[in-house]
Amino acid sequence: MDAVYFLNVGNGDCNIIVHNSGNISVIDINEIENINEAFETLNIGNQHKKDYPDDALAFIKSISNGRRVFRFILTHPDKDHMKGLNKLHVNPGFVNFWSFSSGKKIEGNVDWDTYKSLNTKKDKNVTAISPSENEKNKYFNQDENGQAGGDGLFIICPSNEMKIKAVQEDSTNNYSYVLKFVANNGKSVLFGGDAQEEEWDYIMKNHASDIKDIDLLISPHHGRKIENLGKALDIINPKVSLLGNFPSEYGSYDFYNKRQLKHYTNNELGSVKIDFSDDGSISYFCTNKNAANTINGNESSQIKTVGGLTFYKIDI
């Protein structure tokens, strides 16, 4: 069974796929240096869970069981997507590293130095690659016979042209990795990275069929407002959307509300676990017990403990 984790890591990103193959993909990381003790609130809505984030590094170490993570994917080299990269590289480590070059320069930052070292393939113990849209590989989206399969990861963006622009410019949001994951049971997840208007225009023009009718959307740019997101949502038509943490005045709620699309935030639910069962179903769990009980209308019927976190089933 495949599982996806949408971790509550404050104002940053960390998503994890535990593949049916046993491989683990970590998409971005945002280390929180001072973890506050979580508290329980009474009502769904603004649960303030962003102030009580989870420890992504500790969670990854726990679920990796002493093995290196199979792949780390850096959607783009911004601090809130790579804080803790150096520590993750040391322990538990990773076998493969996805990224692309950037014209940005950051001095005196150990995570940036680690990114540059890995990206220029100076670490011979890590395979560093920079796959582009539509690229095929037997490890991430093909089986041993060259057929669709592998770990079910398909690259929507960036294109080769976007990666060239990323080297020429300081900003990398518009060249972020946007990935589609197809679980073993056929259900789909779209990881939006930090893709902005220009990139979504490109995706809608060139990949509309790839992003149509997605089961789960990990909302781009943490759930912040993007001007053409509404047009993209009309194509994506997600059954459920998960938004990260962001100042409420920058939120994209109106786009989802107008279309009556189910959407939830880290601030409400805490961290979220999504199970993709072999019978074709998707099950959602969150670390905020009270939010789960409020959504369900009663006590959560299932509880799972993974990597030191306790998840409560939510009926969405």
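## Aromatic pairs, sheet and pocket

In this predicted model, F276 counts as buried because its relative accessibility is 1%, under the 20% limit for that class. F276 belongs to strand β14, which covers residues 272-276. Its ring is paired with that of F181, a residue of strand β9 (178-182). The centres of the F181 and F276 rings are 6.2 Å apart and the planes stand at 90 degrees, so this pair is edge-to-face. The two residues are 95 positions apart, and their pair links distant parts of the chain. F181 is buried as well, with a relative accessible area of 0%.

The whole structure holds 11 aromatic pairs. Another of them joins W98 and F140, again edge-to-face, at 4.9 Å between centres and 70 degrees between planes. W98 sits in strand β6 (residues 94-98), whereas F140 lies in the loop between β7 (127-129) and β8 (153-157); the pair therefore ties together parts separated by 42 residues in sequence. W98 is buried at 1% relative accessibility, and F140 is buried at 3% relative accessible area. W98 and F140 also belong to one aromatic cluster together with F100 and Y177.

The burial values of the four paired residues are listed below.

| Residue | Relative accessible area | Class |
|---|---|---|
| W98 | 1% | buried |
| F140 | 3% | buried |
| F181 | 0% | buried |
| F276 | 1% | buried |

Strands β6 and β14 are both part of an open sheet of 10 strands with mixed pairing. The strand order is β7-β6-β5-β3-β2-β1-β14-β15-β17-β16. At the edges stand β7 and β16 (303-306), each of which pairs on one side only. Ignoring direction, neighbouring strands of the sheet are turned against each other by 20 degrees on average.

Within this order β14 is followed by β15. Strand β15 spans residues 282-286 and pairs with β14 in the antiparallel sense, over five bridges. On the β15 side, C286 is the bridge partner of V272.

The remaining feature is a pocket. The second largest pocket contains about 190 Å³ of space. It is lined by 14 residues, of which G150, G152, V182, A183 and N184 are the closest to the centre. V182 falls within the range of strand β9 (178-182), the strand that also contains F181. By class, the lining of the second largest pocket comprises seven polar, five nonpolar and two charged residues.

Methods
Residues numbered from 1 in each chain as written. Predicted model: local features only at pLDDT ≥ 70, side-chain atom pairs only at ≥ 80, totals over all residues. Heavy atoms only, no water. 1 Å grid on protein atoms, 1.4 Å probe; cavity = no way out; pocket = protein on both sides within 12 Å on 5 of 7 lines; lining within 4 Å. Points joined across faces, edges and corners; volume = space filled by probe spheres on them. Nonpolar A, V, L, I, M, F, W, Y, C, P; charged D, E, K, R; others polar. Phe/Tyr/Trp six-rings, centres within 6.5 Å; stacked < 30°, edge-to-face > 60°. Helix = DSSP H or I, 4+ residues; strand = E, 2+ residues; numbered from the N terminus. Buried < 20%, exposed > 50% of the residue type's maximum accessible area, 1.4 Å probe, protein only. Pairing = 2+ DSSP bridges. Axes fitted to C-alpha atoms, helices over the stretch in contact; angles between N-to-C directions.
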